[in-house]
Each structure stands twice: as C-alpha cells, then as structure tokens.
Amino acid sequence: MSRHPLKGTHALAGVGLSRFGKVWGTSCLGFTLEACKNAIEDCGIPRDEIDGCLVSMPAIMGEQHGWATRIAAHLGLEPRLACTMDMGGATPIGMIQTAALYIEAGMANAVICCFGMQNNPQGIMPQLFGSQFAIPYGDIGAITFMGHVARRQMHLYGYTGPQYGEIASAFREHASRNPSAQKREPFTVEDHQRSPYIVEPLRLLDCCLVTDGGGAVIVTSLERARDLKQPAVVIAGAGQEHGAEMIFPAPQRNQAPSGAGAARAAFGMAGVLPHDVDVALLYDGFTPLVMHELEAFGFAKHGEVGPWVATGALRLGGELPTNTHGGLLSEGHLFGVGHITEGMRQIRRSAGERQVQDAEVVFVTGFGGAPHEAPPTLSYTTLVLTQDR
Amino acid sequence: MFTIDKPLPSPTEDTEGYWDATREGKLVVSTCASCAHRFLPPAKICPKCLSSEVSFQPVSGRGRVFSWIVVHRPQHPAFLEDAPYNVVIVELDEGPRMHGRLVPETDLSAVSVGLPVEVTYQKINDQITLPMFKAATGT
C-alpha cells in the first residue's frame with residue numbers, strides 16, 4: 001500500500017490555552033486572541049510566518065461572518081488563507097486537518113487554528129437553536145439529544161447508570177491531577193448516582209461543564225516544526241465522518257455505528273490499530289457519547305462497552321487511559337482544544353502527574369454539528385499523534 | 001407580569017404542508033412518488049433517490065416509542081413551568097421517526113422503549129397544532 005501523502009509530514013508546533021473557567025472581563029474575541037498569543041509564544045514562531053488563519057464559528061455568540069479574517073486582523077496578520085469553519089466541537093481537529101492540506105498544497109506555510117467561547121456572564125440567552133419539529137416539545141440543545149442516545153444504549157445493550165458514572169468518575173480523578181482543571185474534587189460512582197437528573201436518564205455528573213475560554217494550535221510542516229522551540233508533535237493520521245445516524249438513520253447508510261469511518265481513516269493512515277493507542281482523548285460532552293465512541297472507534301466490542309468501562313479500563317494505569325486531563329466533563333469545555341493540548345503534552349512528556357509513560361500513539365477526537373436538529377447532524381473528526389522519530 | 005413564550009414552529013415553504021395537516025387533525029409525512037420512501041422532517045427532494053416528486057401523504061398516526069427522556073432542568077426558561085416533562089421519539093408504523101410528547105395523563109412508570117402509541121393533537125393557536133402521543137388503545 002502506498003504511503004498517505006499527509007502521513008507524518010506535518011506537525012502541531014505550538015499550542016496555547018487562554019485563562020478558562022468562569023472568567024470575567026473579556027469576550028469571545030479576547031479569549032481567542034489570548035490563546036493565539038500563548039500558542040505563538042509556546043513555539044516561538046515569528047508572527048509574520050503565520051500565513052493561514054482558521055477560526056471556529058462562535059455560532060451561539062452572535063458573531064457575524066468574516067470572523068476568521070477579523071481574528072487575523074486583530075493578531076496583526078495578513079494571511080494568504082483565512083476561513084471560519086463550523087462543525088461544532090469537531091471543528092478544532094477539522095481545522096488542523098484543513099491546515100495540513102493547505103500546507104501540503106503549498107498554499108500556506110504555518111496556520112493558526114483557534115476558537116473562543118464566552119458563556120459568562122450568564123443571562124445572555126444563547127440564540128435559540130434547533131428544529132421546528134423538536135423545539136416545541138422542549139427538546140432543545142445537545143443535552144436532550146444525548147439523553148435519547150443514553151436511553152437507546154440502555155435499551156439495546158443494558159448499560160447501567162453506574163457504568164456511565166465510572167466514566168465521569170475516572171475523568172474527574174484525572175482532573176484532580178490537572179492544576180488548571182475547572183473541577184478537581186474527586187467523586188465516586190455512588191456520588192454520581194446521587195447527583196440529580198438533568199435530562200433523565202442523564203444526571204448532572206454525566207454532563208460537561210460550561211466554560212469561558214479559548215484555545216489555539218499552530219500547524220506547520222514537520223521540517224519547520226523541528227526548528228522551533230518545542231518537540232514537534234507529528235500528525236500521523238487523520239479522519240472525518242459526517243452523518244445523522246444515531247437517531248434518524250439516513251437511508252443510504254449501512255448500520256455501522258456513526259463515526260466508525262473517522263477512526264478507520266485515521267488508524268489506517270497512521271498504520272496503527274486501536275489496541276496500539278497509549279492515550280485516548282475522546283470528545284466527552286456527555287458520558288453516553290464516550291460509550292458510543294469507544295464502540296464506534298473499535299476499542300470495545302459491540303454492546304460490551306459498559307461492562308468494559310466498569311473494569312476501570314479508562315483510568316490512568318488502566319487498559320486505555322482516557323481523557324487524562326479531565327475532558328470536557330472535568331477540565332472544562334474547551335471545545336476539544338483541551339483534548340488536543342493534552343495530546344501534545346503527552347507526546348512532549350510534559351503532562352506532569354498524569355503523564356502516561358512512554359506514550360507513543362495518542363488518539364484525539366472531536367464531535368459536533370447540530371445534534372439538536374431533526375435529523376441530528378453529527379460530525380466526527382480524528383487525529384493520531386506521535387512523537388518525532 | 002413578564003412571561004417568556006414557548007418557541008413555536010415557524011413553518012417554511014418546505015414544511016407548511018405538515019403544519020396545515022396537523023391543524024386539521026391529520027398526520028402527514030413526505031412521501032416520494034418515485035421510490036416510495038417516506039420521511040421526516042419534510043423536504044422537497046427525496047434523500048433516498050433525489051427525486052423531486054415528493055408530496056405529503058397521510059399516515060396512520062400509530063407507532064412505537066423509540067426513545068423517551070424526562071427533562072428536569074429545561075434549557076429554555078419557557079419550559080420551566082412544565083418540568084419535569086417528557087419528550088418521546090416515536091417510530092411511526094410507516095417508518096419515519098418524529099419527536100413528540102406523551103400527554104400529561106400518561107403514567108411514565110409504564111413507559112418503555114417499544115410502547116405502542118397513537119397520535120393525538122394539541123391546538124396551540126389558530127395556526128399551530130402540535131401532534132402529541134398517547135398509549136395506543138386496542139391492538
């Protein structure tokens with residue numbers, strides 16, 4: 001088989017997060033710029049070398065079109081390429097893949113990929129989003145959708161509340177080792193079971209946090225990245241899949257779990273298998289999404305994810321250390337850039353108390369789209385990251 | 001007093017036929033004359049064969065609960081007064097799935113995936129009537 005042209009030719013050179021959590025005094029724009037500045041400083045790339053700017057659409061914050069070009073202007077850049085991208089929480093990895101394609105095609109040399117999100121002060125009513133066939137019943141937002149996903153999993157596979165609780169508890173234990181995590185107080189599966197229902201069968205501790213903040217990643221060729229300040233984090237594999245299958249099967253699709261193709265593509269390109277993964281960083285808006293991903297991406301057999309998770313498989317020291325930073329559930333909702341950042345830390349050996357020894361293969365995922373629509377549209381993006389050898 | 005109205009459907013050119021039907025106490029789904037595919041939400045082009053020969057055709061209004069949730073903390077303030085309230089996804093006997101709600105007198109402890117249900121209607125105003133569901137009677 002011929003080598004994939006993108007395999008191992010590009011790298012994540014720099015990364016930056018803004019302050020995050022419940023942060024007052026700055027805006028979506030401010031968080032974005034703060035993260036970009038940190039990413040530029042992280043790798044020491046001369047600013048005028050950045051000639052591509054990709055920014056995630058801050059859809060619920062009322063920003064207008066032309067957002068990426070405005071971010072570039074605020075950063076003092078005049079890039080050759082700028083584009084606002086919109087795949088919800090799948091966007092950050094999608095931007096990285098797009099950046100690699102731009103660079104491979106000779107249309108850019110270094111691309112900054114960034115996002116910002118402001119939910120605080122509360123009381124700003126996010127623009128109402130959703131379908132005219134769902135909203136009138138009070139089925140609004142990702143949370144009701146994920147409630148339906150959990151209900152289907154429980155019905156089809158017999159997954160139990162404590163199995164979902166184990167996912168949340170494991171990630172919180174990891175967050176207790178992450179000094180910048182929004183929530184660090186460990187809790188047990190029993191604590192999870194005592195937390196109130198938000199959208200039954202989902203409990204409070206099945207749901208991710210609400211976070212203000214921003215993040216940025218700088219992508220460049222592996223060759224260029226080698227001359228920068230930090231060890232290059234190599235993009236070994238990448239994939240995407242878009243669909244609507246979890247609730248409303250599209251008629252032309254087969255019955256494989258949605259998202260499976262995104263992982264197959266990334267693993268195939270990298271030449272690895274799920275069991276080669278040393279650290280998994282799975283987009284975890286809600287615990288049932290993690291259950292879904294573990295099956296769809298090939299880490300556990302059909303219908304067997306719940307019991308497998310309950311063995312402690314996702315914990316540090318377990319079979320598949322997952323979301324070692326705490327994820328959206330405990331580190332904070334950094335739109336998946338927190339996951340990418342943690343992947344880079346694990347590869348750079350800078351993950352501190354939660355470093356997975358000798359981590360060679362890191363698998364990172366994004367998930368988003370419009371799950372609150374009818375039909376819910378789903379986007380999966382994946383990356384395999386490795387060390388530079 | 002300051003109140004927040006519940007969001008209501010804003011019919012579009014693609015969907016008004018559906019809402020026109022519910023106003024008359026009928027449930028319709030988009031139906032393709034070319035490949036016989038029936039689907040929701042409505043669209044003017046068939047997602048299965050891309051034919052434009054799509055029209056609204058009545059269905060039985062019978063189906064089974066595909067999923068159900070109980071919302072305790074609504075994401076929209078207008079629904080606070082309803083909470084806790086249920087939302088169901090019903091798989092119609094004819095195939096398409098749709099959101100709905102089981103009528104308030106439903107005993108939720110008796111609800112499970114697969115429960116047979118039938119449509120009923122709740123008039124909201126002169127324009128909008130929402131399909132709702134209740135446990136099916138008879139066989």
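Before you click on anything, one term: a residue is buried if its relative accessible area is under 20%, exposed if over 50%, and partly exposed in between, using a 1.4 Å probe and protein chains only. At 2% relative accessibility, A:Ser258 counts as buried, so that's a good place to start.

Two bits of housekeeping. This is a predicted model, where local features need pLDDT of at least 70, side-chain atom pairs count only at pLDDT 80 or more, and totals for chains, interfaces and linings use all residues. Residues are numbered from 1 along each chain as its sequence is written, chains are lettered from A and ligands numbered from 1 in the order in which they are written, and side-chain values use heavy atoms, with hydrogens and water left out.

**Stop 1: A:Ser258 and helix H8**

Select A:Ser258. You'll find this serine in the loop between strand S8 (233–243) and helix H8 (260–270) of chain A. Helices (H or I, at least four residues) and strands (E, at least two) are DSSP runs, numbered from the N terminus. Now show the side chain of A:Tyr380 too: a polar contact of 2.6 Å joins it to the side chain of A:Ser258. (A polar contact is a pair of N or O atoms within 3.5 Å; within protein, one must be able to donate a hydrogen and the other to accept it, and residues adjacent in sequence count only if both atoms are side-chain atoms.) Add A:His242 as well: A:Ser258 and A:His242 are 16 residues apart in sequence, with their C-alpha atoms 8.0 Å apart in space.

Next, colour H8(A). How many of its eleven residues are buried? Eight are, so H8(A) is largely enclosed by the rest of the structure. Among them are A:Ala260, A:Phe267 and A:Met269. The buried residues of H8(A) pack against S8, H9, S10 and strand S11 (377–387) of chain A. Just after H8(A) comes A:Gly271, with a positive phi near 70°.

**Stop 2: two helices that cross**

Two packed helices are described by the angle between their axes and the distance between the axes. Select helix H5 (residues 161–175) and helix H9 (residues 287–296), both in chain A: they pack at an angle of about 100°, with their axes 9 Å apart. (Axes are lines fitted to C-alpha atoms, for helices over the stretch in contact, and angles run from 0 to 180 degrees between N-to-C directions.) That makes H5(A) roughly perpendicular to H9(A). For that label, angles under 35 degrees count as roughly parallel, over 145 as roughly antiparallel, 65 to 115 as roughly perpendicular and the rest as oblique.

Want to see who's touching? Contact means heavy atoms within 4.5 Å. From H5(A), the residues involved include A:Tyr164, A:Ile167 and A:Phe171, and from H9(A) they include A:Pro288 and A:Met291.

Stay on H5 and pick A:Gln163, which lies in this helix. At 12% relative accessibility, A:Gln163 counts as buried. Beyond its neighbours within four places in sequence, A:Gln163 has contacts that include A:Met291, A:Pro307 and A:Val309.

**Stop 3: A:Val15, a long way along the chain**

Move to A:Val15 in strand S1 (residues 10–17) of chain A. Is A:Val15 buried or exposed? At 11% relative accessibility, A:Val15 is buried. Now add A:Ala216: the two are 201 residues apart in sequence, yet 5.7 Å apart in space, C-alpha to C-alpha. Leaving aside neighbours within four places in sequence, the contacts of A:Val15 also include A:Asn38, A:Met344 and A:Arg348.

**Stop 4: where the chains meet**

Show chain B alongside chain A. The contact takes 31 residues from chain A and 38 residues from chain B. The area buried between the chains is about 3100 Å², of which carbon and sulfur atoms give 67%. (Buried area is the accessible area, with a 1.4 Å probe, that two parts lose on being put together, summed over both.) In chain A, A:Gln132, A:Phe133 and A:Tyr137 lose the most area to chain B, together 25% of what that side buries.

Then select A:Ser131, in the loop between strand S4 (110–117) and helix H4 (141–157) of chain A. A:Ser131 is buried, with a relative accessible area of 4%, and its side chain reaches the backbone nitrogen of A:Phe133 at 2.8 Å.

**Stop 5: backbone oddities**

In chain B, zoom in on the peptide bond from B:Leu40 to B:Pro41, which is cis, with omega near -10°. Another cis peptide bond joins B:Ala83 and B:Pro84, where omega is about -5°.

Back in chain A, finish with A:Asn323, which has a positive phi of about 50° although it is not a glycine. At 0% relative accessibility, A:Asn323 counts as buried.
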